Amino acid sequence: MRRPRFADISIFTLKYIFNWRFWIAEITKKSKTYRRLIDKMLFEEDEIVVIPNTININKKIESEGSEFLPTQIIKDVIKRCDDIVIMNSCLCRTSNGCEDYPQDIGCIFLGPTSRKIPAHIGKKATVEEALAHVDKADAAGLSHIIGRNKIDTVWMNVRPGKGLLTICHCCPCCCLWKVHPNLDYSISDKLEKLDGVTVKLHEDKCKLCKKCLMEVCMFKAIDLVDNKITIDYDICRGCGLCVNACKFDAITIDYTAETIDNVVNRMDNLLEIREF
């Protein structure tokens with residue numbers, strides 16, 4: 001009989017406590033000692049950027065004769081990597097038993113540390129396979145989060161963390177980062193809006209269909225106040241899911257090309273360790 005592997009035990013534990021994640025996150029606001037412990041264990045040196053889902057966003061960015069969409073940032077980072085692993089399934093959606101979004105669209109892991117990921121968790125992929133995976137996630141209506149995320153090195157038991165980038169494909173119902181509003185600001189601020197992204201509510205176009213309130217915003221930035229939809233722009237991380245949900249163009253997203261290269265280089269620099 002095969003002995004349980006560390007990752008198997010981690011997956012079993014994570015699935016068991018998944019629905020406790022909001023309560024676990026909330027304690028970071030109440031106890032400094034607990035907050036420091038959680039930050040040290042799971043979020044230390046994290047640097048994560050939200051990339052909008054752009055399937056239903058028609059406007060493109062004109063830059064030096066080329067056209068870009070925010071998703072291109074992810075693709076440009078992928079093209080710079082030799083080591084790529086695609087997770088067999090999404091741990092969040094399988095843990096939550098998601099029925100609205102595909103459970104088989106898992107994270108993409110980049111960088112030399114990905115070589116240590118157990119084969120039963122994910123498979124080594126080519127650049128072309130990873131790019132197709134991003135398109136598949138876009139088409140499924142998922143938004144993207146890219147960056148260094150220590151929690152992935154912990155549950156997979158792979159090191160060093162500075163040699164691993166994670167690209168998550170997040171749904172509004174199951175994403176681990178739905179705990180964002182429950183976390184202490186010192187931790188939640190590590191999840192950033194992409195520079196140059198602006199989300200705007202056009203009240204004159206809003207029909208109060210309330211689809212944007214139906215568990216669409218992962219960050220709880222959208223609310224109904226005095227029978228009007230409101231967006232807290234300080235909380236909004238620009239994932240674009242509300243834009244895709246609105247059928248009346250009452251919520252729009254704008255972005256500029258000015259920081260695309262900076263973000264790509266920033267992600268590239270996060271992979272500090274090239275060889276072991």
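**A guided tour from strand β8 to an aromatic pair**

Begin by selecting threonine 166, which lies in strand β8, a strand spanning residues 165-170. The model on display is a predicted one. Colour threonine 166 by accessibility: its relative accessible area is 2%, and because buried means under 20%, this residue counts as buried.

Next, show the side chain of aspartate 152 together with that of threonine 166. A polar contact of 2.7 Å joins the two side chains. Then widen the selection to the surroundings of threonine 166. Beyond its neighbours within four places in sequence, threonine 166 is in contact with Cys107, Ile108 and Phe109, with Ile145, Ile146 and Gly147, and with Asn149 and Asp152.

Move now to strand β10, residues 198-201, and display its side chains. Val199 and Leu201 point to one face and are buried, whereas Thr198 and Lys200 point to the other face and are not buried. In a regular strand, side chains alternate between the two faces of the sheet.

Keep β10 in view and add strand β13, residues 251-254. The two strands run antiparallel and are joined by 4 bridges. To follow one of these pairings, select valine 199: its bridge partner in β13 is isoleucine 253.

For the last stop, turn to the aromatic pairs, of which the structure holds 2. One of them is formed by tryptophan 20 and tryptophan 23, in an edge-to-face arrangement with 6.0 Å from centre to centre and 80° between the planes. Finally, select tryptophan 23 alone. Is this residue buried or exposed? Tryptophan 23 has a relative accessible area of 55%; since exposed means over 50%, tryptophan 23 is exposed.

Definitions and conventions: Residues are numbered from 1 along each chain as its sequence is written. This is a predicted model: local features need pLDDT of at least 70, side-chain atom pairs count only at pLDDT 80 or more; totals for chains, interfaces and linings use all residues. Side-chain values use heavy atoms; hydrogens and water are left out. Buried means under 20% relative accessible area, exposed over 50%, partly exposed in between (1.4 Å probe, protein chains only). A polar contact is a pair of N or O atoms within 3.5 Å; within protein, one must be able to donate a hydrogen and the other to accept it, and residues adjacent in sequence count only if both atoms are side-chain atoms. Contact means heavy atoms within 4.5 Å. Two strands pair if DSSP finds at least two bridges between them. Rings of Phe, Tyr and Trp (its six-membered ring) pair if their centres lie within 6.5 Å; planes under 30 degrees apart count as stacked, over 60 as edge-to-face and the rest as tilted.
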